[in-house]
Each structure stands twice: as C-alpha cells, then as structure tokens.
Amino acid sequence: MTGDSKEKQNAEQVEKTRQPILKTLRVENLNDLVRKGLDLGYRVFAPVKDDRLVTFEQISSPEEAFLDGITSRTSPKSVLFPRTERIFSYKIRKDEIVVEDNADISQPTMIFGCRPCDAASFPIMDRLFQWDYQDRFWIERRKGMVIIAVSCLDCDDACFCTSVGLAPDSTEGSDILLTLVSRDQYLAEVMTEKGEDFAEKTGLFDEAGADLDKETATKAVREKLGKKFDLDKIKPWLDENYEHEFWAEVTRMCIGCGICTYVCPTCHCFDLVDEAHYDGGAKIKNWDACQFAAFTVHASGHNPRPDQISRHRQRIMHKYKYYPDNLGAVLCTGCGRCVRHCPMEVNLIRILKGISDMEKAGVGEE
Amino acid sequence: MTEEHAAAVQPTVAHSGGNGLENIYLPQLMVIQEITQETPDVKSMKLVFKDEEMQKNFSFRTGQFGEFTVFGVGESTFNICSSQTWKDHIECCFRKVGRVTSALWEMNEGEIIGFRGPYGNWYPVEKMEGQNILFIAGGIALPPVRCMIWHALDMRDKFKDITILYGARTVADLVFKRELEEWQKRDDVTIVTTVDPGGETPDWKGKIGFVPTVLKEVSPSSDNTIALVCGPPIMIKFTLPVLLEQGFAREDILTSLENRMKCGLGKCGRCNVGKVYICKDGPIFTAAAVALLPEEY
Amino acid sequence: MIEQIREKAKELLASGEVKVVIGYENGGLPETTRPVFITSPDEVDRLVWNKYCYANLATFLWRKEVSSLGKPAIVAKGCDVKAIVVLIQESQIKREDVVILGVTCTGVGDPPLSKCPICDVNTPREYDCLFGEEIPPKTDINKFADVDEFEKKSPEERWEFWEEQLSKCVKCYACRQVCPMCYCEICIADKNQPQWIETSSHTRGNYHWNLVRAWHLAGRCVDCLECERVCPVDIPLSLVNRRLAKSVKARFGYEPGYDTEAPPPFTDFKPQDPEEFIK
Ligand SMILES: Cc1cc2nc3c(=O)[nH]c(=O)nc-3n(C[C@H](O)[C@H](O)[C@H](O)COP(=O)(O)OP(=O)(O)OC[C@H]3O[C@@H](n4cnc5c(N)ncnc54)[C@H](O)[C@@H]3O)c2cc1C
Ligand code: SF4
Ligand code: SF4
Ligand code: SF4
Ligand code: SF4
Ligand code: SF4
Ligand code: FES
C-alpha cells in the first residue's frame with residue numbers, strides 16, 4: 001500500500017512472449033552473430049574464462065566468449081544490477097546542494113551465451129523491480145536488452161533446473177534460445193519481438209525445417225538431471241514449519257559468507273550508501289544479503305535474526321515461500337551455483353530434498 | 001530559516017534522467033527550518049521543501065515515514081512525526097545513535113538535507129473516527145504516536161475520549177516536553193506520564209513505574225477504543241498482554257514496527273519479515289497482523 | 001583411521017566428556033565433505049576422513065551456533081590445529097575446553113592445494129589424541145617460494161597485477177567469514193563511524209578491504225588458506241597474507257600456530273626490537 005499522493009505507475013511489461021518462431025543458425029555463423037551485435041551498437045556481455053574463473057564480462061570480439069562451461073561462477077544479473085552502482089551524484093556548495101541524476105543506463109545490451117536457467121532469472125526478477133515502485137535501473141536496462149541463451153547439453157550434480165519447473169532447454173526469459181541440434185546447426189527459438197527484430201537485423205538466421213527436434217538433442221542431459229526433489233511439497237511444508245528443529249540441523253555449518261547470495265542469479269538485496277569527496281558525493285547501490293548479520297541489526301543493537309540458523313532459514317523461506325506468496329514465482333532457477341560454490345557444502349538441494357521427503361512422509365504436519 | 005535566506009538560495013529541483021521512468025532513489029531537497037533539542041540525545045526538526053511548489057503540492061498521510069539523507073553521510077528512516085493536517089512543513093524527530101543521526105545532530109538551521117517519501121501505510125483514521133483512542137508510547141517512540149495525537153487533536157470533534165500514556169526511562173528522556181505540558185492543560189485529553197523507578201527528579205509530578213504497570217493502574221476501558229502502542233520491543237511485549245487483559249481485541253491495537261530499512265520501496269529486501277515488507281505493507285500493523293508474522297522485528 | 005576416530009568420538013560423547021564432536025561428513029556433491037556436529041554417540045558413523053576434508057573447522061569453536069552446544073571435540077588437520085593454537089594464545093578458547101582429535105594428513109584436494117606440498121605440520125603439533133601414522137615434518141621446503149618469485153616483479157607489474165585481481169572482488173567478505181582468526185564481534189569493515197572501509201566493491205574499496213584484512217592477520221594468519229579456497233572470484237589472497245607472514249618470520253623469527261606458549265610478536269615487547277618505524 002502506498003500513499004495516494006504517489007500515483008501508482010502502471011507496470012509496463014518488459015517482456016512480451018508469444019508463439020516462438022523457429023529458425024536455424026549455422027554453427028559457423030555463431031561468431032558473426034556476436035560481431036553483428038557489436039556492429040549494431042550493442043554492448044555484448046558473455047561468459048569469459050580466466051584460468052578457472054568464468055564470469056560475465058563485456059566483450060569486444062566473439063573469440064572472447066566461452067560457451068563450453070556449465071554455468072559461469074557469477075551470474076549475468078550483474079549486467080542489470082551491478083554489484084556497485086552509482087545511482088545519482090551531487091555537488092555540495094555553500095548554500096546549495098545540486099543533485100545530478102547522471103546514470104546512463106540506456107545503451108542497448110546483448111547477453112550472449114547464458115544458460116536457460118540464467119535467462120529465466122530475468123523475468124522472475126522483473127516482478128520485483130516492477131512491483132509497485134518502478135526501478136528504472138533494472139527496467140530500462142531490461143527494455144534495451146536482448147538475451148541469446150544456449151541450451152545445455154551437459155550438467156553437473158549441482159544443477160537442478162528440472163526440479164524447479166525449468167529445463168536445460170527452456171525458453172523462459174530468452175529472446176532467442178539456441179539449441180545445438182546437429183553438428184553444424186543450432187535450432188533458434190525466437191521468443192519475443194525484440195528477438196525477432198534482432199534476428200532480422202543480423203540476416204544470419206534461416207527458416208527452420210520441420211525435422212529439427214530439440215527434444216532429442218537435450219534428452220541425455222534431461223535424463224542425467226532427473227528430479228531431485230518434489231517442488232510441490234516444499235511450500236506446504238514451509239507454510240507450516242517456520243519453527244522446526246530441521247533448520248538448525250541443516251544450517252548449523254553455514255558461516256554466513258554470503259557466497260550463495262552473491263553468485264545467485266535471483267538474489268537482489270542491496271544496500272544504499274553515500275560516498276563523499278570534498279565537494280560532493282554519490283549515492284551508491286551495493287549488493288547486500290540476508291546472510292550477513294549486519295543486514296537486519298537495529299540501531300539499538302537488537303537483531304531480529306540473531307544467528308546464522310535464522311538467517312539461512314530466511315534465505316530459503318524468501319526464495320521458496322515469501323517470493324511465491326507475493327510475486328507468484330519461486331525465486332530460484334536451479335542453476336546450482338549456491339550448491340557448487342558453498343565452502344561448507346550446505347547444499348540447497350539436500351535441504352529441499354529433506355523438506356520434500358518429510359512432507360511426503362507426512363512428518364511435520366500438525 | 002528566514003524568508004530572506006530562502007529567497008537567496010536558488011531552488012534546485014532534482015531532475016530525472018529524461019528517458020522514461022523517474023529515479024525512485026532520488027531525494028528531494030529540504031531545508032531545516034527549526035531545530036529543537038528534546039533530550040540529551042534527541043532532536044526534532046521542522047523541514048520545508050526547498051522548492052516552494054513542491055511544498056505546496058506535497059501531501060502525506062499520518063503515520064507514514066520517509067528516508068532522510070545527510071548528503072555525504074547516508075540515509076536514515078524516520079517517521080514523519082507531524083500530522084497530515086499541517087500543510088506548511090513536516091517534522092521529524094530522531095535519536096543520535098549512529099552515523100547518519102550523528103551527522104544530522106551536527107546540522108544547523110538553514111542547512112539542506114534530502115528527503116524521499118512519503119512511504120508506507122498510515123493510521124486507519126477513518127476507522128478510528130467516532131472511537132476513543134488510547135495512545136501508549138515509550139521513550140523515543142513518541143514521534144510515531146505524536147503525529148496521530150496531533151491529527152486527532154486538530155480534528156478533535158471526530159474522536160471521542162483521548163487518553164495518552166507516555167513513559168520514558170528518566171525525566172530527561174521525555175521528548176516533546178512542551179507539548180506534553182500543552183496537552184496536560186487541555187481538558188479534552190487525559191494524559192498520564194511516567195518514568196521508570198529511579199528516573200524521577202525531585203519535582204516530578206507524573207507517575208513512577210514501567211508503562212505496562214501504569215497501564216494496569218490506569219485501566220482504560222476497551223469499549224469502542226483503538227489503542228496505538230509504540231515503543232521498544234520489550235515494552236510492547238509486556239504491554240500487549242495487559243491490553244488483551246483489558247479486553248482489547250488484537251484488531252484494535254495498532255503499532256508501528258521499526259525494522260531496519262534502506263530503500264523504503266520494497267526492493268532492497270532488508271525489511272522483509274515473512275511475506276510482509278515492513279516498508280510497503282507497514283510500518284503500521286494491528287496486533288492481529290503482527291501475531292501472524294514470524295518473530296523477526 | 002576413521003574407525004578409530006568414530007570410536008573415540010563415541011566414547012567422548014557417551015561419557016559426557018564432550019557434548020559435540022565437530023568433524024566432517026560426506027557432502028552431497030562428489031568429492032566434497034561437509035562440517036558435521038555430532039551430539040549423539042549413535043551418530044558417529046556419519047564422520048568421515050578423506051582428502052576432501054578441506055574446511056578448517058576451528059572457526060566453529062567460537063561460532064555461537066556451535067559453541068552453544070557445549071564442550072567440543074574437534075577433528076583437526078595440522079594446519080587447522082595451528083588455528084586452534086592461535087585461538088588459545090589469543091584467549092578465545094581455553095586449551096582444556098576443547099578435545100583435539102588430531103589427524104595426520106598428506107594433503108587435501110586433487111591435486112593437493114598449494115599449501116600442502118610446503119606443509120610442515122602433516123602431523124599436528126598439538127592434540128589430545130592422534131589418528132594416523134606420524135609423518136615427520138618436511139625440512140627442505142621454502143614456504144615462501146611463490147612470494148619470493150612474486151617479489152621479483154617490478155612495482156609497476158605488481159600494482160597492475162593487484163589492480164586486476166582486486167577489481168574482481170565482490171565484497172562478499174567470505175574470506176573473513178571462513179577465517180578462524182576473524183572472530184571480531186564487529187569487524188572493522190562493518191563499522192561506520194568512521195567508515196574505515198568503503199562498502200562499495202569498486203577497486204578502491206576493495207583495496208581498503210583486502211589490505212586492512214591482511215594487516216589484521218599479520219602474525220596471526222596460520223596459512224590454512226581457507227580464504228583463498230572460498231573466494232568466489234579466485235583472488236590469490238595467500239600472496240598478500242603470506243607476504244606479511246614472511247616479514248614476521250624474518251623480523252621476529254615467529255610463525256603463528258606452532259606453540260601455545262610463544263608470545264605473539266604484536267602483543268609482546270622486547271627491548272632489542274629494532275623499532276625503525278618510529279624513527
Ligand atoms: C519505519 C521506521 C520509522 C522510524 N522512525 C524513527 C524516528 O522517528 N526517530 C528515530 O530516531 N528513529 C526512527 N527509526 C529508527 C532509525 O531509522 C534508526 O535509528 C536510524 O536509521 C539509525 O541511523 P544511523 O545512520 O544514525 O545509524 P547507523 O550508523 O546506521 O547505525 C546503526 C546501524 O549501523 C550498523 N552499525 C554500525 N555500527 C555498529 C555497531 N557498533 N554495532 C552494531 N551495529 C552497528 C548497524 O547495522 C546498526 O543498525 C525508524 C525506523 C523505521 C524502520
Ligand atoms: S550457505 Fe554456504 S555459501 Fe551461503 S552463506 Fe552459508 S556457508 Fe556461505
Ligand atoms: S538459489 Fe542457488 S540454485 Fe537457486 S538460482 Fe540461486 S544460486 Fe541458483
Ligand atoms: S533475502 Fe536473501 S535469499 Fe532473498 S533475495 Fe535477498 S539475499 Fe537473496
Ligand atoms: S596444509 Fe598440511 S595439514 Fe593442512 S591440509 Fe595440507 S597437508 Fe594437510
Ligand atoms: S572472498 Fe574474495 S570476493 Fe569475497 S570479499 Fe574476500 S576477496 Fe573479495
Ligand atoms: S526497506 Fe528496502 S525492502 Fe523495505
């Protein structure tokens with residue numbers, strides 16, 4: 001609820017999905033796709049590998065992109081929601097403060113080569129940034145952004161997209177989804193007008209024949225992924241079991257390092273700070289996370305979430321109960337990053353499987 | 001700030017980026033018009049928008065809050081402790097506890113701060129009209145109650161009996177002392193002030209005792225009465241059972257939660273408690289609604 | 001060896017001598033383990049010991065989520081024991097309040113982590129019970145070979161290297177959270193009056209953070225390299241911490257974690273200290 005002095009702005013759909021248009025792209029033309037993007041003036045972000053570390057970086061030639069990994073270490077959310085961003089600056093004069101809203105966020109941007117789980121994170125987060133107040137930093141960047149994702153043909157033990165209603169070839173969030181269907185050909189599912197527009201401008205796509213079948217291409221990885229827990233069982237259990245000994249048991253080893261939230265494509269919590277220099281300063285938006293003790297501590301020193309067990313419960317509750325309650329989507333795409341990179345192997349899959357098993361067995365109900 | 005001073009300073013309107021949506025994190029500039037030191041560590045401030053048009057067009061509802069920027073230092077959440085019935089300025093009242101409040105403490109009349117708001121929900125005034133109101137506040141938590149007290153007093157005939165119970169640790173910690181005296185003098189308000197045992201001065205004429213104990217003593221009727229309770233978590237914890245004992249329904253007890261906030265806009269995640277965002281869905285909740293929340297406030 | 005550990009754990013829990021055994025269990029992903037807190041003798045079979053027992057469990061000795069369980073026994077490798085030793089020296093725990101289940105160790109990781117080939121505590125230096133064959137300490141190792149190598153670079157090259165590395169830091173503070181020595185209730189990074197460290201993760205703020213942390217660990221860092229292991233963006237943090245360790249060793253002949261009785265150089269004073277920084 002907001003004051004009636006504040007006119008509620010109509011949430012504009014960032015995302016317009018419709019029947020996909022099927023096209024093909026020859027593998028040898030993949031690099032040209034990136035080059036075309038660059039020529040058309042897009043800032044192109046792609047996974048870039050440096051030793052063992054893969055992150056989303058701005059690239060200036062297709063050769064820099066690394067498409068062979070499973071998921072990158074950090075997620076592409078940083079393209080729309082940088083870990084540190086100046087949201088306005090100001091000059092302090094004697095009797096005056098001049099505020100300058102100087103953020104330049106309008107350049108067209110292309111995300112190239114992200115995985116379907118990452119593409120799916122964008123529409124999930126749209127819900128929050130368009131919820132009630134409109135966050136232009138997210139929304140305007142989103143409008144100028146085209147997402148070209150690539151289906152997975154392999155996965156690891158941490159991946160669990162199929163357990164949260166997605167798949168290694170799901171099209172959610174992609175403007176164009178490429179699936180390698182033969183040695184020299186990608187099937188391109190053009191999902192949005194933005195995607196169609198882009199595909200047309202590049203002139204690199206051909207009409208698809210009827211014989212192209214992505215199901216066969218991704219069958220092996222689907223089978224390898226299987227289902228790791230029953231999503232339908234999670235929320236009913238969370239609804240009833242805010243207090244449960246299970247929480248302490250599965251999260252006592254969590255050290256609150258926050259890696260899980262910082263690598264996560266759907267975590268979006270932030271802090272606002274002022275950074276000053278002698279005659280001015282700026283308001284900066286920095287990533288922050290519910291895993292940190294300082295996140296909730298009151299000025300009096302009272303902390304409503306006083307230990308890591310309650311903080312970790314918040315993470316799971318927020319992703320699998322509160323966000324669905326409020327915004328109708330699970331705040332998790334099953335990308336597995338938090339599982340893969342947790343230094344203490346807290347392992348979200350284990351926790352969710354534990355919950356779904358308990359709920360199945362009827363434990364924890366009244 | 002004097003009128004000449006106001007005229008001397010060019011109004012600077014914060015402008016948005018020009019490509020569509022406005023920047024919701026951008027503060028408006030406000031001038032500190034008057035500062036009152038309430039206690040050794042509490043000050044209240046009268047604020048006016050630097051841009052006169054903005055001051056004219058600004059409206060809010062009693063009980064809402066704002067994000068106040070000390071430029072170069074940071075942003076803090078305060079209740080707008082003036083009533084929506086006052087049009088020419090807003091007020092805030094803060095305790096010096098940390099970085100931003102300490103910097104604000106050092107500021108002078110005429111200086112400029114930033115303001116974003118109004119945010120959050122407000123007191124259900126329509127529901128309260130025609131009823132008795134019992135205000136209960138502890139310590140620095142008078143501001144979020146004080147705005148509603150003034151609102152009720154400004155529209156006195158719309159409400160029935162008004163009772164105020166206000167307690168602080170010591171006499172020195174009572175805020176808005178002038179107003180307490182002013183209310184004391186009125187015959188259309190019952191006001192009880194109390195200080196914790198040991199916090200009294202030789203000439204203290206109010207009660208001595210903790211708020212819940214004094215509440216029991218005063219034993220206000222719960223018939224057609226809405227109670228507004230604001231104070232430190234511990235006070236609320238012990239006051240609530242007393243009110244329930246007096247026959248108040250949880251739906252008729254209101255409180256303002258003070259979780260840590262940053263954006264005030266339902267984005268930054270900090271104030272999320274259960275499925276509620278205190279900044280968007282609150283800060284004002286009935287005791288019935290609070291009972292449904294996980295105990296994270 | 002794991003059988004003996006389980007046996008001992010069972011005995012300690014059954015007798016009530018300890019309330020919790022801090023050890024490792026198998027993780028959910030292959031080639032991982034997870035810290036586990038065994039409070040019942042019936043559960044000791046969850047304990048495992050293998051080359052994936054990376055975590056330095058000493059951090060759990062002061063975390064309230066674990067210390068609230070009661071007196072602990074802890075499974076500790078040689079490098080973890082060094083951390084326990086410093087915690088004892090710094091009065092964070094008392095020696096008699098922890099039962100150290102020392103394990104001899106030939107290295108963790110596959111291939112072993114960088115700390116392992118130059119380890120001289122394959123047999124822990126302090127323990128209540130020792131599990132595994134004793135391994136004599138290696139002698140002919142240069143612990144600081146990588147630091148020496150790095151110092152050969154020009155200042156400009158080093159600057160450039162750190163600019164690039166630290167620009168990656170996302171300010172998650174995982175390096176601090178995992179560190180058994182970072183037990184401050186309020187870290188300097190969380191203080192805001194004054195704001196010693198900018199919270200933003202621009203390169204300048206990142207320098208503040210990583211250098212301040214390194215300074216706070218000089219003479220205290222035990223080289224378990226947990227910070228480097230966990231850093232989500234692979235910053236070679238050991239190069240900073242170990243550069244300081246090298247100086248401390250050269251100047252004070254001191255290496256933290258080897259002796260509970262040794263006076264730590266920054267809390268001790270000797271008349272013959274050079275004190276050239278004052279001049
Ligand atoms: C809806 C709402 C209304 C409010 N209304 C009022 C009001 O009317 N008046 C009022 O006075 N207050 C009010 N508050 C509380 C007020 O927002 C805080 O007291 C204020 O923001 C403190 O700001 P600060 O920058 O001075 O403190 P900070 O410098 O931010 O210090 C406090 C915070 O900083 C961190 N911190 C820094 N140093 C330490 C340390 N040494 N130990 C622990 N933590 C530390 C913690 O996160 C702590 O919460 C309200 C809060 C809310 C949510
Ligand atoms: S779950 Fe793992 S990654 Fe997340 S805060 Fe806890 S220890 Fe860190
Ligand atoms: S919670 Fe974990 S699996 Fe889910 S989206 Fe975030 S990082 Fe990926
Ligand atoms: S509350 Fe926690 S889990 Fe939820 S988005 Fe924020 S950081 Fe992520
Ligand atoms: S440093 Fe030594 S004790 Fe530690 S893991 Fe490596 S070999 Fe084992
Ligand atoms: S763990 Fe790495 S990324 Fe995180 S704060 Fe430390 S150095 Fe920075
Ligand atoms: S204060 Fe940011 S979400 Fe409520």
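**Figure 1. A patch of negative charge on the surface, shared by chains A and C.** In this predicted model, A:Asp50, A:Asp51 and A:Glu57 gather with C:Glu156, C:Glu157, C:Glu160, C:Glu163 and C:Glu164 in a patch of negative charge on the surface. Which helix gives the most to the negative patch? That is helix H5 of chain C, residues 155–167, with 5 residues. If you would like a landmark to start from, C:Glu157 has its place in helix H5 of chain C.

**Figure 2. The surroundings of ligand 6 in chain C.** Here you can look at the shell of 14 residues that surround ligand 6. The closest are four cysteines and a tyrosine: C:Cys169, C:Cys172, C:Cys175, C:Cys231 and C:Tyr173. Two elements of chain C give two or more residues to this shell, namely helix H6 (174–178) and helix H7 (203–217). Sorted by class, the shell around ligand 6 has 12 nonpolar residues, with 1 polar and 1 charged residue besides.

**Figure 3. The surroundings of ligand 3 in chain A.** Ligand 3 has 14 residues around it, and those that come nearest are A:Cys264, A:Cys332, A:Cys335, A:Gly336 and A:Cys338. Helix H10 (308–327) and helix H11 (337–341) of chain A each supply at least two residues of the shell. How do the residues around ligand 3 divide by class, and how many are charged? There are 7 nonpolar, 4 polar and 3 charged residues in the shell around ligand 3.

**Figure 4. The surroundings of ligand 4 in chain A.** The shell around ligand 4 includes the cysteines A:Cys267, A:Cys269 and A:Cys290, along with A:His268 and A:His318. A:Thr261, A:Ala289, A:Arg315, A:Lys319 and A:Leu331 also surround ligand 4. Helix H10 of chain A gives the most to this shell, with 3 residues. By class, the residues around ligand 4 are 5 nonpolar, 3 polar and 2 charged.

**Figure 5. A salt bridge between B:Lys280 and A:Asp132.** Over all chains, the structure holds 69 salt bridges. In the one shown here, B:Lys280 pairs with A:Asp132, and their closest N and O atoms are 3.1 Å apart. Why does this pair join two chains? B:Lys280 lies in helix H9 (residues 278–281) of chain B, while A:Asp132 sits in the loop between helix H3 (116–129) and helix H4 (136–143) of chain A, so the salt bridge links one chain to the other.

**Figure 6. Two cis peptide bonds in chain B, at B:Pro118 and B:Pro283.** The bond joining B:Gly117 and B:Pro118 is cis, with omega about -5°; B:Pro118 lies in strand E6 of chain B, residues 112–119. A cis peptide bond also joins B:Gly282 and B:Pro283, where omega is about 10°. B:Pro283 is found in the loop between H9 and strand E15 (284–286) of chain B.

**Figure 7. A positive phi at C:Glu31.** Although C:Glu31 is not a glycine, its phi is positive, at about 60°. Where does C:Glu31 lie? Look in the loop between strand E1 (20–26) and strand E2 (33–38) of chain C.

Conventions:
Residues numbered from 1 in each chain as written. Chains lettered and ligands numbered in written order. Predicted model: local features only at pLDDT ≥ 70, side-chain atom pairs only at ≥ 80, totals over all residues. Heavy atoms only, no water. Near = heavy atom within 4 Å. Helix = DSSP H or I, 4+ residues; strand = E, 2+ residues; numbered from the N terminus. Nonpolar A, V, L, I, M, F, W, Y, C, P; charged D, E, K, R; others polar. Patch = residues over 30% accessible without salt bridge, like charges linked within 9 Å, V, L, I, M, F, W, Y side chains within 5 Å. Areas by Shrake-Rupley, 256 points an atom, 1.4 Å probe, with all protein chains shown as cover. Salt bridge = Lys/Arg side-chain N within 4 Å of Asp/Glu carboxyl O. Lys, Arg positive; Asp, Glu negative; His and termini not counted. Charge placed at Lys NZ, Arg CZ, Asp CG, Glu CD.
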